[in-house]
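Hi everyone, thanks for making the time today. I'd like to walk you through one structure, starting with the overall picture and then going down to individual side chains.

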Amino acid sequence: IGDIVNQSIFVRVQNKATGCANPHARFEVIINPIPIVTNSIPILEVCDIGTNDGDVRNGLAQNIDVSIRDIDILGTRIAANFTITYHKTRADAEDLSSTGIDKNSYDSDPTRATINPMTNRSEERLLIRIVDNSSGCAFDQSTLTIVVNPEPDFETISNLSECDNNDDGDDANQIIQTIDLDGKITEILGASQDPDDYIVTFHATQANATSGSDAISSPYTNAAAKETMYVRIQNKATSCVNDDATFDVLVNYL
């Protein structure tokens, strides 16, 4: 495996009528190695962000970049010397004229994905073909498993209403220093999601919730009588994020 094998074949051509023979012809038989993939290809896990279908919990994802697994397939081989393609069917993988799926932007196939109705987590397998560009030899016996994880879910969140106090020496400015944001986490996640499995943070803007930057600590001191909190929920196991939840913090006059 991995070595080119050459063998010389010597040819004798004889005229049956005259008996004259030419024993000087020869040609080379060259056996090129198949670019076998011996290493295990890691599962490709992505998050269902509803890019095209608008559904973040149906186990289907769009614009999946499966090409990031090329490096695992190649190992120590030089990328320019090989062509890697991904295919849905065995017939397509064996057809060397087929270019396979768009590996830079693949939409998971609902007819092929196995979706767990309890978790909305889905699995789909693609066949991998690697071709040696110099010899044309191909290997198509490896597979790539794509796992699509759903975004975290959240319940309808009630507004957080507080009463002004005199802790800052002013009980009429609608500013307090003891707003318990973390107390909303159980309500946000609901009964079906264990708080130990998620990271829930609070942010002053949607942009910060999306990026995960400038999280607000709890207890919180408000700056206005009414403020909107943008919630970021991240699943610790899958790293999938939901940043769509919001609620208002209201500080009322005594």
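**Overall picture**

The protein has four helices and 11 strands. Its radius of gyration is 31 Å, well over the 18 Å that the globule rule gives for 254 residues, so the protein is more spread out than a compact globule. Please keep in mind that this is a predicted model.

What box do the C-alpha atoms fill along the principal axes? Roughly 125 × 35 × 25 Å.

Now for burial and surface. Of the 254 residues in the protein, 37% are buried. The protein exposes about 14,300 Å², and carbon and sulfur atoms supply 51% of that area. On the contact side, take the contacts between residues at least 6 apart in sequence: 62% of them join residues at least 24 apart.

**Rings**

Let's move on to the aromatic side chains. How many aromatic pairs are there? The count comes to one. That pair is Phe-202 with Phe-247: the ring centres are 6.0 Å apart and the planes stand at 85°, and because an angle over 60 degrees counts as edge-to-face, this pair is edge-to-face. Phe-202 belongs to strand E9, residues 198-203, while Phe-247 belongs to strand E11, residues 241-252, so the pair ties together parts that are 45 residues apart in sequence. Buried or exposed, these two? Both Phe-202 and Phe-247 are buried.

Phe-247 has another neighbour to point out. Lys-184 lies over the face of the Phe-247 ring, 5.4 Å from the ring centre. There is also a charge over a ring elsewhere: the charged end of Arg-77 sits over the ring of Phe-82, 5.5 Å from its centre.

**Salt bridges**

Staying with Lys-184 for a moment, its side chain meets that of Glu-187 in a salt bridge, at 2.8 Å from N to O. So Lys-184 appears both over the Phe-247 ring and in a salt bridge with Glu-187. Is Lys-184 buried or exposed? Lys-184 has 6% relative accessibility, so it counts as buried. Its partner Glu-187, at 28%, counts as partly exposed.

As a reminder, side chains of opposite charge can pair when their charged atoms come close. How many salt bridges does the count come to here? The count comes to 10, and I'll pick out two others.

One of them joins Glu-45 and Arg-121, whose closest N and O atoms are 3.9 Å apart. This pair links distant parts of the chain, 76 residues apart: Glu-45 is in strand E3, residues 44-47, and Arg-121 is in the loop between strand E5 (114-115) and strand E6 (122-132). Glu-45 is partly exposed, with 44% relative accessibility. Arg-121 is partly exposed as well, with a relative accessible area of 30%.

The other joins Asp-248 and Lys-226, also at 3.9 Å from N to O. Asp-248 is in strand E11 and Lys-226 is in strand E10, residues 226-235, so this salt bridge ties together parts that are 22 residues apart in sequence. Which end is buried, and which is exposed? Asp-248 is buried, at 15% relative accessible area, whereas Lys-226 is exposed, at 56%.

**Backbone**

Last topic: the backbone. Most residues other than glycine have a negative phi, and most peptide bonds are trans. With that in mind, here are some places to look at.

Where is there a cis peptide bond? A cis bond joins Ser-218 and Pro-219, with omega at about 5°. Pro-219 is in the loop between helix H4 (206-211) and E10.

Next, positive phi values. Asn-120 is a residue other than glycine with a positive phi, near 60°. Asn-120 lies in the loop between E5 and E6, the loop that also holds Arg-121 of the salt bridge with Glu-45. Asn-120 has a relative accessible area of 19%, and because buried means under 20%, Asn-120 is buried.

Gln-174, also not a glycine, has a positive phi near 55°. Gln-174 is found in the loop between strand E8 (160-163) and helix H3 (185-189). With 14% relative accessibility, Gln-174 counts as buried.

That's my tour, thanks for listening!

Definitions and conventions. Residues are numbered from 1 along each chain as its sequence is written. This is a predicted model: local features need pLDDT of at least 70, side-chain atom pairs count only at pLDDT 80 or more; totals for chains, interfaces and linings use all residues. Side-chain values use heavy atoms; hydrogens and water are left out. Rings of Phe, Tyr and Trp (its six-membered ring) pair if their centres lie within 6.5 Å; planes under 30 degrees apart count as stacked, over 60 as edge-to-face and the rest as tilted. Helices (H or I, at least four residues) and strands (E, at least two) are DSSP runs, numbered from the N terminus. Buried means under 20% relative accessible area, exposed over 50%, partly exposed in between (1.4 Å probe, protein chains only). A charge sits over a ring if NZ of Lys or CZ of Arg is within 6 Å of the ring centre and within 35 degrees of the ring normal. The radius of gyration is taken over C-alpha atoms; the globule rule is 2.2 Å times the number of residues to the power 0.38. Contact means heavy atoms within 4.5 Å. Accessible areas come from the Shrake-Rupley method with a 1.4 Å probe; for residues, only the protein chains shown count as cover. A salt bridge is a side-chain nitrogen of Lys or Arg within 4 Å of a carboxyl oxygen of Asp or Glu.
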